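Hi,

Here is the structure I said I would pass on. Have a look at it first, and then read my notes underneath.

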Amino acid sequence: MNLFKHTILAAGAVTALAFGTFAIAPLATVQAADAATAPTQVADAKMGGMSVPKTAADYLAEAAQYDTEAVALDAKAAHHAQLAALYRARASSGSKQETTFRTLANHCERLADVYRSAALEARATAQSHRDMAKVA
């Protein structure tokens, strides 16, 4: 029961992250439009308490945070991949719970894929910040 509850909470967190990404996209469009009229304000703009890195040290600090996030996401992906394997093993042919265990295994495999993808994106973002540190 506790394991099932964990996978449901993790799915909600991934969904919230995905919707958060979509919510930021329109904001970026508005900021780009504002940049055309007031380019000096964009560099200093703050959004929800966040600011854009300005120095090489700032970019490297951001890169380190994304590297840490990638490691955590890899761990979550591995955890869900293990859960999927456990559920698949319990889904013996002909059992009453076969469909349920297969459904849970599929769910965990999808979560593992999402977490792996997010880890790759976090690593790419970290590299982008390291690249920006070279020119800052």
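Before the details, one cut-off: a residue is called buried when its relative accessible area is under 20%, exposed when that is over 50%, and partly exposed in between. Arg116 has a relative accessible area of 38%, so this residue is partly exposed. Please keep in mind that this is a predicted model.

Now the overall layout. The protein chain has four helices and two strands, and going from the N terminus the order is α-α-β-β-α-α. The chain has 136 residues, and 21% of them count as buried. If you take the contacts with a separation of 6 or more, 72% of them are between residues 24 or more positions apart.

Most of what I looked at concerns α3 and α4. Their axes come within 7 Å and cross at roughly 165°. Angles over 145 degrees count as roughly antiparallel, and α3 and α4 are therefore roughly antiparallel to each other. The crossing of α3 past α4 is left-handed. As for what sits in the contact of α3 with α4, sorted by class, there are 26 nonpolar residues, eleven charged ones and four polar ones.

Next, the aromatic rings. How many aromatic pairs does the count come to? The count gives one aromatic pair. The partners are Tyr87 and Phe101, which are stacked, with 6.2 Å from centre to centre and 25° between the planes. This pair links distant parts of the chain, as Tyr87 belongs to helix α3 (residues 56-90) and Phe101 to helix α4 (residues 98-135), with the two 14 residues apart. Are these two buried or exposed? Both Tyr87 and Phe101 are buried.

Here are some individual residues you may want to click on while the model is open:

- Leu60 sits in helix α3. Its relative accessibility is 44%, so Leu60 counts as partly exposed. Neighbours within four places in sequence aside, Leu60 is in contact with Arg130 and Ala133. You can also check Leu60 against Ala126: the residues are 66 apart along the chain, and their C-alpha atoms are separated by 8.3 Å.

- Glu98 is part of helix α4. With 19% relative accessibility, Glu98 counts as buried. Not counting residues up to four places away in sequence, Glu98 touches Ala91, Ser92 and Ser93.

- Arg116, the residue from the start of this note, is in helix α4 too. Once residues up to four places away in sequence are left out, Arg116 touches Ala77 and Ala81. Arg116 and Lys76 are 40 residues apart in sequence, and from C-alpha to C-alpha they are 8.4 Å apart in space.

- Thr125 is another residue of helix α4. Its relative accessibility of 26% is why Thr125 counts as partly exposed. The C-alpha atom of Thr125 is separated by 8.7 Å from that of Asp67, with their positions 58 residues apart along the chain.

If you only have a minute, I would start with the stacked pair of Tyr87 and Phe101, and then look along α3 and α4, which run roughly antiparallel to each other.

Cheers

Technical notes. Residues numbered from 1 in each chain as written. Predicted model: local features only at pLDDT ≥ 70, side-chain atom pairs only at ≥ 80, totals over all residues. Heavy atoms only, no water. Phe/Tyr/Trp six-rings, centres within 6.5 Å; stacked < 30°, edge-to-face > 60°. Buried < 20%, exposed > 50% of the residue type's maximum accessible area, 1.4 Å probe, protein only. Axes fitted to C-alpha atoms, helices over the stretch in contact; angles between N-to-C directions. Parallel < 35°, antiparallel > 145°, perpendicular 65-115°, else oblique. Left-handed = near helix turned anticlockwise from the far one by under 90°. Nonpolar A, V, L, I, M, F, W, Y, C, P; charged D, E, K, R; others polar. Contact = heavy atoms within 4.5 Å.
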